[in-house]
Amino acid sequence: MRTLPAATALAVLFSSAALTVGTAAPVSADSSRAIAVSQPYDTVVDAEHQRLFISDPGNNKIVVTTYAGVVVSQITGLAQVRDLELGPDGSTLYAAVRGADKIVAIDTVTRAQTAEYATGTNTEPSRLAFAEGKLWFAYGDQWDSGLGAVDLTAETPTVTLDLAGGHDYASPPMLYADPDNPGTLVALDAGISSGPVIVYDIASGTPVVRVSANKGGFPNDAALTPDGTHLVMAGPGNRALTEYRLSDLEQTRSFPVPDEPMGVDIAPDGTVAATISDFERTGDTYVFGKGAEQPASVRKLHGASLWNDNGVVWDPDGNKLFVLTSSSGATTFHVVDEPRKYVSTATVSAPATATRAKKLTVSGKLTADLALPAGTPLTVTRTDMESPKGKSLGTKTLGTGGKFSFTDTPPAGGKVTYKVSYAGDADHTATSASDTVEVSRAATTLTLDKNRKTYAYGADVKFTAHLGKTYKNRKVEIWADPYGSDRPNKLVKSGTVNSKGNLSVTVDLKRDTKLSVKFAGDARYKAKTVTNTVYTKVRISSSIAGHYKTRSAWGQKYHYLRKSKDPVLKTTMTYYEGRKQRLQLQAFYQGAWRDAGSEYFPLGTAGRSDVTLTGTPTTNIRFRFRSEYRDTSSGDNVNTTTSGAWKYFIFT
C-alpha cells in the first residue's frame, strides 16, 4: 500500500486554480464494514480527494471508497489489474493491467481512463513505482521477469524494457521509491529464497545497481521510511519486521511480532504499522508508536487469520490507519482512529449475590500492552433501582500489577451493576467494564380474592388485591386473561393501593378468566405476582315447539303434545366457534327419572340449536330435557360446565 505524501497533496491543493472544499463525514472509532472486493491486491490513498483505490484482480476492477470504507464507484474492465500508483500531483492514478499487457492512466476525479501504455505482448506488468518523471514497472513471469519504465516527461511517452541493470529476476520485483530520496529505486526479488534486495541509482535515467544483498525468504510487503533512506520488510520466515539502510543494506532495527508479518506501512512521523498472520488469534494489527524498543499497540480486527499482503495503510496525516482483511473471498474494511494508542482492557468481578445494606467487595484489572502505572484514576458508577441512571461512587486508583478493588454497601436490592471506567490518556485508549450483583430483597404479601369461584355469564364481579408492607412502591397492576386464544391478556387496572393496602376493580365475566395482580418490586422488596382463576357459566335457554297446550302437573309446567306431531326442542346458548350443546333426555318410570339418551348437537353462529324428535312416541309417559355446556367435551374450554333448566312434556 502506498500513500500520496501529505506535503505533495498540500502543494497540489494550494496550486489549484479552482478549489472544492468539503468535510468528510466522521468515522467512528475502530469501525468495520464489508466492501465488494474478493481479494485486494494493492491500495493507494488519495489525500486530496479523501479516497482509497483498491485493486481487485479477481474481478478485473478497481474499487473506490471514502475514508470510512463506503464504496463510491468501481472502475471495471481492467483484466487482472495489480499494482496502483498515484502520480506526483495526485490527479492521475496509474494501474498495471497484467491481463492486457498495459498500464493505464485514470483521472482520480472523473475515474475515466485518460491514457494507456502498451508494454508489449506477454509482458504482463504487475508492479509500479513513480520516480524521476518515470513510471517504473516490473513485468514478466518467473525467470522471464524484468524492469521497465514509461517516460512520462517525453512529449510522446515511451516504454522501455530490459532495465534490470544486470540482475536476473526470479519474479517481477516489488518496487519502491520516495521523492525525499531522489534518484533511488528499490527492487525486491521476492520470487526466490535468497530474497535479493537491489538498490538502483536512476539519476541518469538508466538504472545502475548501487548496492544489492540477499536478505532471505519471500517477503510479503515492504515500505520506505519517510525520508526514503531505509526499507522495512515484512516476512516471511521470521517473527519480526526488519529495517535496512539503503546505502549499504545493513540491518538497523527489528520490530518483533508473534507471527509472520504480512503487510507494513510507515506514517509520516515514522510510526511503523504491520499486519500478521495471527494463527494464535492474539491480535492481527501492530503499531510501533514508540519505536522498535517499546511494545507495539495491538488490535484484533479480524476473526480469522489475516491473509492479505499489503493489508495496511496510513492516511496521509498519519492519524488514521486503514486495514483490509479477507477470508473466503470476502473483504472487510477497518478504520482505526487512534492507532498509536495502546488498547486498554478492563475486567470487573463482583460477587454473584449479596445482602442488601451489607458491605461487598468489587475487584478487577486494567491491562494494556504498555502497562499503566499504579495510581491511575478510575471512576466507578453504581446503577440500581434507586439510581437507574447511575450514581457516582467517586474515583478509585489502580494498584500494582494493574489490579484494583473497592468496597461498597448497596442500599438497594435487586440487580446492582458496578461499572469501572478508565478515561484513557495520551498513550492509552479509554475503556470500561461492569459486573452485576443480585442483591437480596425482602418478600411482601400480595393477595387477590375470589380464587376458584364460579359466576353467571355476564356477571360484574368486584376483585380486590391486597399489598402488604413495601419500601416506596405502592402500585399494583390487575390483569385479566380470558380463556381462549382470541382474547389477549389485558391490563384492567393499575394504581396505588389505598391506606389499607387494597386496590379493587370490577370485571364483566363472560369466560373463565385468569386474574393476576402484579407488584413490580422496589429497592427493598422483591417483585411478586399472584394469579387466580375464576369460572364463568354460559347462558342457556330452552323451549319446546309443537305443543297444543300447557298446564301445571306434578309440580311442573308440562307441554302437551299429540303423538302425531314431532316436537322441536329449541336451545339458545352462548356461542363460541366449534361449540356443541349436549341435549339430555329423561323419562319418568317406576317412580323415578331415568336416562333416555343424550347427544351433542352443534350450535349455529347465533347460538341456536333446534332438535326435532321423530318417531312414534309412547303416550302418557312424562318426559323432560335440558341442554348442557360441558367444559372441554362441548368442543372448547373457555367456560365452566353449565346445565340449563329442565323442560317437561308429555305425549297424548
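Begin by selecting Thr536 and displaying its surroundings: beyond the neighbours within four places in sequence, Thr536 is in contact with Tyr455, Ala456, Tyr457, Leu509, Lys510, Arg511, Asp512, Asn639 and Thr640. Bear in mind from this point on that the model is a predicted one. Thr536 belongs to strand E45, which covers residues 528-536, and because its relative accessibility is 0%, below the 20% cut-off, Thr536 counts as buried. Among the residues in contact with Thr536, Arg511 deserves a closer look, since the backbone oxygen of Arg511 lies 2.7 Å from a polar atom of the Thr536 side chain.

Next, keep E45 in view and add the largest nonpolar core, a set of 22 residues in which Leu446, Phe463, Val476, Leu509, Leu515 and Val517 have the most contacts. At least two residues of this core come from each of strand E38 (446-448), strand E40 (459-467), E41, strand E43 (502-509), E44 and E45, and E40 gives the most, with five residues. Select Phe463 to look into this core from one of its members: leaving aside neighbours within four places in sequence, Phe463 is in contact with Leu448, Asp449, Lys450, Leu503, Ser504, Val505, Val507, Leu509, Leu515 and Val534. Apart from this core lies another, of 21 residues, which includes Leu372, Leu393, Phe406 and Tyr422.

From the core, move to strand E41 (residues 475-482), which is joined in the antiparallel sense by six bridges to strand E42 (residues 490-496). To check the register in the viewer, pick Ile478 and find Lys493 in E42, its bridge partner. E41 also pairs with strand E44 (residues 513-519), again antiparallel and over six bridges, and here Trp479 can be selected together with Ser516 in E44, which stands opposite. When following the side chains along such strands, it helps to recall that in a regular strand they alternate between the two faces of the sheet.

Now select residues 345-349, strand E30, and residues 403-408, strand E35, which are the edge strands of an open sheet and each pair on one side only. The sheet has three strands in the order E30-E32-E35, with antiparallel pairing, and its twist averages 20° from one strand to the next. Between E30 and strand E32 (residues 360-367) there are five bridges, and the two strands run antiparallel; Ala346 is a convenient residue to pick here, as Leu366 in E32 stands opposite.

A further stop is Arg299, which lies in strand E26 (residues 297-299). Is Arg299 buried or exposed? With a relative accessibility of 6%, Arg299 counts as buried. The side chain of Arg299 reaches the backbone oxygen of Pro339 at 3.5 Å, and, not counting residues up to four places away in sequence, Arg299 touches Asp30, Gly283, Asp284, Thr285, Val336, Glu338, Pro339, Lys341, Val343 and Thr429.

Finish with an open sheet of four strands, ordered E11-E12-E13-E14 and paired in the antiparallel sense. Strand E11 (127-131) and strand E14 (158-160) stand at the edges with a single partner strand each, so one side of each has no neighbour in the sheet. The twist in this sheet averages 25° from one strand to the next. In the interior of the order, strand E12 (residues 134-141) and strand E13 (residues 144-151) pair antiparallel over eight bridges, and selecting Leu135 together with Val150 in E13 shows two residues that stand opposite each other.

Conventions. Residues numbered from 1 in each chain as written. Predicted model: local features only at pLDDT ≥ 70, side-chain atom pairs only at ≥ 80, totals over all residues. Heavy atoms only, no water. Pairing = 2+ DSSP bridges. Axes fitted to C-alpha atoms, helices over the stretch in contact; angles between N-to-C directions. Buried < 20%, exposed > 50% of the residue type's maximum accessible area, 1.4 Å probe, protein only. Polar contact = N/O pair within 3.5 Å; in protein donor to acceptor, adjacent residues only side chain to side chain. Contact = heavy atoms within 4.5 Å. Core = buried A, V, L, I, M, F, W, Y, C linked by side-chain atoms within 4.5 Å.
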